[in-house]
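Colleague: I am new to this structure. Please take one enclosed space in it and walk me through what surrounds that space.

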Amino acid sequence: MRSHKTPPVAIVGGGIAGLTAARALRERAIPVRIFEAGTELAGLARSFKDEQGFSFDFGAHFVTNRLAAALDMGAVCRTVPRYGEVVRKGGRYSAYPLGLLANPRHDLSAASARLRALFDRTPPRDAAEAFRREYGEAFADEIALPLVEAWAGAPADRLAPSVLQKLPGSILRTLLMRAAGRLTHRAVAIGYCREQPESPHVWHVYPEGGMGALCARLAEGLEETVSLQSRVEKIYVVDGRAVGLRVNGKDFDAAAVISTAPIHVLPKLVEGTDALAPFAAFKFRAMTFCNLHLHGRGLLPDVVVWLPERGFRTFRVTEATQSMPWLAPEGKTTLTIDVGCHAGDAWWQLSEEAVIDRCLDDVRPLVPDVRERLIGGRVLRTPIAYPVFLREYENARRRLSEDGTGVAGLLSVGRNGEFDHLLMEDVYYRTLDRARRLADELRRAPAPRNAPSPTPARRRGKAAVASRAVS
Amino acid sequence: MQALRWAPTPDGLAMEPARCCLCGLDDSDPVAVGEDFEYRTSPEVFRAVRCRRCDLVYLNPRPAPTELSRIYPADYHAYDFSPESFGLVHAVRRRLEARRMLAWCAGLPDDARILDVGCGDGFHLEVLKEFGRPGWRLEGIDPDPRAVEAGARRGLTVHRGTVQTLDLPRSTYDLALHIMTLEHVDDPIGVLEGIHDVLRPGGRCVIVTDNVESPDFRLFGGRHWGGYHFPRHLHLFSKKTLGAAAARVGFEVESLRTIVSPVNWVYSIRNLLVDLQGPEWLVERFSLRSPGALAAFTVLDAVNARVGRGAVLNAVLRRPPLHVSAKAN
Ligand SMILES: Cc1cc2nc3c(=O)[nH]c(=O)nc-3n(C[C@H](O)[C@H](O)[C@H](O)COP(=O)(O)OP(=O)(O)OC[C@H]3O[C@@H](n4cnc5c(N)ncnc54)[C@H](O)[C@@H]3O)c2cc1C
Ligand SMILES: [Zn+2]
């Protein structure tokens with residue numbers, strides 16, 4: 001029998017976005033149900049620890065003390081004391097981004113680009129043009145664009161100008177924040193959050209037990225609403241409104257659906273409308289993160305080394321232990337080598353040993369004795385590391401970010417659901433906001449499926465769902 | 001559906017989610033992250049937020065009521081602001097407060113009943129006892145037994161409890177004082193309602209509380225502002241939000257202005273120094289025992305108060321006299 005009370009809001013995915021949405025709705029007394037395809041929660045924010053005491057995440061991962069405090073986790077987070085990036089070019093390192101400003105050739109070309117921009121106010125056509133206009137040709141062509149291309153896996157003239165997301169705040173402000181960070185031995189979060197203001201009082205922290213602990217915290221009290229190993233296979237849309245879904249072959253009614261699945265998958269899940277069809281073309285960059293566990297510490301000149309030169313397979317090597325010494329046993333370290341690829345290509349299919357072997361070659365110019373230092377390695381892969389803003393679907397991307405899915409009662413939230421480069425604090429605040437708005441809507445008008453006289457079409461659709469529904 | 005709570009972290013406090021007491025929702029942006037810089041009662045990290053709808057600043061999450069004894073340790077200053085421990089500062093403060101308080105009491109009958117809601121160590125009642133009229137009947141209430149003891153030592157009548165839970169005579173008091181207390185309570189609207197109901201129609205309530213529209217807040221509000229007093233100040237007001245709270249309860253606002261106080265200035269600097277691990281001797285220059293710093297910031301804040309930006313809000317509210325009262329009792 002189908003129960004007559006209002007069905008819960010169904011949430012697709014148990015990462016930070018799904019769990020945040022669930023909490024926000026529960027706070028507004030709206031029942032929820034979370035379906036997570038995997039065997040555990042946390043999604044991209046999962047943490048791993050191996051037998052030898054090395055911890056790692058997808059890339060280097062940390063959050064802000066402000067997010068930790070929101071989840072009452074401040075007391076179990078460690079302060080990240082420092083964070084810095086350098087660019088390696090022609091065998092020399094310069095601090096990023098400010099050290100690069102010291103290069104007169106870059107400055108000259110940037111100045112002339114700015115001057116030209118005064119007379120040419122047409123919007124840039126693509127990312128290449130946007131970067132050249134913003135930073136000058138020298139810096140764009142030698143540093144920024146090669147990195148963008150390696151990271152996105154597409155030539156810069158195929159990328160939309162929106163790839164260039166200008167950092168909020170002025171250079172002076174950034175300098176002050178850096179100084180504050182140095183003075184306090186806290187890695188002040190610069191260029192991390194967009195939803196909330198930057199401040200010298202907001203810095204990076206890392207929870208005991210890894211990033212995954214954050215999601216475990218969010219899941220506290222929601223246990224009975226979470227179903228693991230429950231891949232959502234279909235989302236039913238009737239008369240332009242999401243009304244239910246299918247999970248592991250079973251149908252469920254839903255007052256609304258909040259999806260955190262990657263946006264390009266959503267059109268395949270949704271049945272009953274093709275409003276989402278344009279999103280199917282969106283591309284994500286797949287990445288392998290090769291963690292090399294090594295003897296020694298401080299093998300790189302700073303936490304992150306950017307490698308714009310074509311000779312490298314990777315565009316970025318990270319030594320997270322310089323920021324977070326607790327990630328490796330004392331006297332040992334981890335280098336993480338990020339290599340972009342396409343899911344299914346030759347690199348993607350390489351064995352773990354082969355990836356490690358090639359990455360060792362790749363970092364040899366940076367750490368000549370890297371092979372002698374090797375203890376072991378682990379490779380993480382994700383097909384959805386970064387959304388790629390191609391020009392060909394820029395309009396659809398804008399529409400998604402401004403108007404959402406276009407289907408009533410169907411939200412697409414989270415990093416991959418919004419198709420945006422969101423970090424966890426932004427995901428948290430954006431999702432809270434949207435879930436609360438949905439709660440207000442549901443309060444104001446109960447789902448139309450309960451309306452007294454449904455149209456014939458709706459009645460048919462409803463019956464179709466109902467007949468599939470398992471109570 | 002029960003509210004979602006988190007289990008306390010090791011050594012952390014039991015915390016609970018909070019909502020804006022004006023709109024009943026939590027729809028807010030974070031404004032500050034801080035610690036218990038003054039007493040270090042826990043390793044917890046706290047977050048102050050601002051309601052997007054009402055502008056009220058409040059702590060969220062906040063310590064559960066079961067943690068009161070932990071966050072108000074035995075050496076908490078409100079229980080022991082004695083001449084012995086505070087010397088010159090105590091003497092000066094008494095004088096200044098006496099002037100202010102007698103102004104609030106202007107027009108009270110000789111046998112007025114005065115209630116200090118959240119009387120702490122009884123400092124204000126004692127000032128009234130000494131400088132006020134002999135016929136005034138003075139009472140205090142405070143939920144903390146230490147406050148009741150301190151009051152008894154000074155020969156004052158102090159009831160233990162809150163204005164909501166104590167069975168005080170209704171429509172009785174001529175004046176209620178609520179000084180540096182509203183920010184501490186978890187249900188400001190409930191407290192104001194309680195005060196409203198024990199006042200006689202036409203009776204007044206004087207509120208003094210930290211002001212989030214002051215230069216000290218603007219400078220230090222991201223973390224070190226003394227007015228946060230993490231985690232003991234649960235709600236922080238502006239003229240707008242305090243006026244809204246008063247109106248909600250049915251009070252008429254007779255006056256709403258800012259007054260001079262050096263305390264948040266001094267403690268903001270102290271918190272900053274503590275946070276930066278400044279030298280002990282320097283930190284000690286900034287406290288309630290530092291006449292120099294208090295004097296200097298009194299002068300500074302006097303200038304701010306002149307332009308309506310003093311560190312502390314002062315509201316005089318009136319329970320409407322019967323013939324104009326809209327609120328039925
Ligand atoms: C390399 C890298 C480094 C990063 N570094 C940082 C950092 O330092 N700091 C930071 O704050 N953020 C960082 N981020 C971003 C952060 O990881 C993400 O913003 C965040 O984890 C996204 O959470 P989410 O809930 O939106 O998505 P996800 O974590 O991807 O969660 C989505 C969940 O949905 C599930 N799902 C998908 N489809 C279905 C389906 N059909 N049915 C059921 N379940 C489904 C998935 O299994 C997954 O668990 C980084 C990201 C990357 C890739
Ligand atoms: Zn509010």
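Modeller: Take the second largest cavity in this predicted model. Its lining comes from chain B. One stretch of that lining is B:Glu35, B:Asp36, B:Phe37 and B:Glu38. Further along the chain, B:Arg223, B:Trp225, B:Tyr228, B:His229, B:Phe230 and B:Arg232 also line the space. B:Asn271 completes the list. By type, the lining residues divide into 5 charged, 4 nonpolar and 2 polar. The charged ones are B:Glu35, B:Asp36, B:Glu38, B:Arg223 and B:Arg232. B:Phe37, B:Trp225, B:Tyr228 and B:Phe230 count as nonpolar. B:His229 and B:Asn271 are the polar pair. The volume of this second largest cavity is about 60 Å³.

Now set it beside the others. The whole structure holds 3 cavities of 30 Å³ or more. The largest encloses about 80 Å³. Its lining residues are in chain A, among them A:Ser55, A:Phe56, A:Asp57, A:His61, A:Asn291 and A:Thr336. Strand β4 (55–57) of chain A gives the most to that lining, with 3 residues. Strand β19 (332–341) of chain A supplies at least two. The make-up there is 7 polar, 4 nonpolar and 1 charged. For the second largest cavity, the charged count is 5.

Note on methods:
Residues numbered from 1 in each chain as written. Chains lettered and ligands numbered in written order. Predicted model: local features only at pLDDT ≥ 70, side-chain atom pairs only at ≥ 80, totals over all residues. Heavy atoms only, no water. 1 Å grid on protein atoms, 1.4 Å probe; cavity = no way out; pocket = protein on both sides within 12 Å on 5 of 7 lines; lining within 4 Å. Points joined across faces, edges and corners; volume = space filled by probe spheres on them. Helix = DSSP H or I, 4+ residues; strand = E, 2+ residues; numbered from the N terminus.
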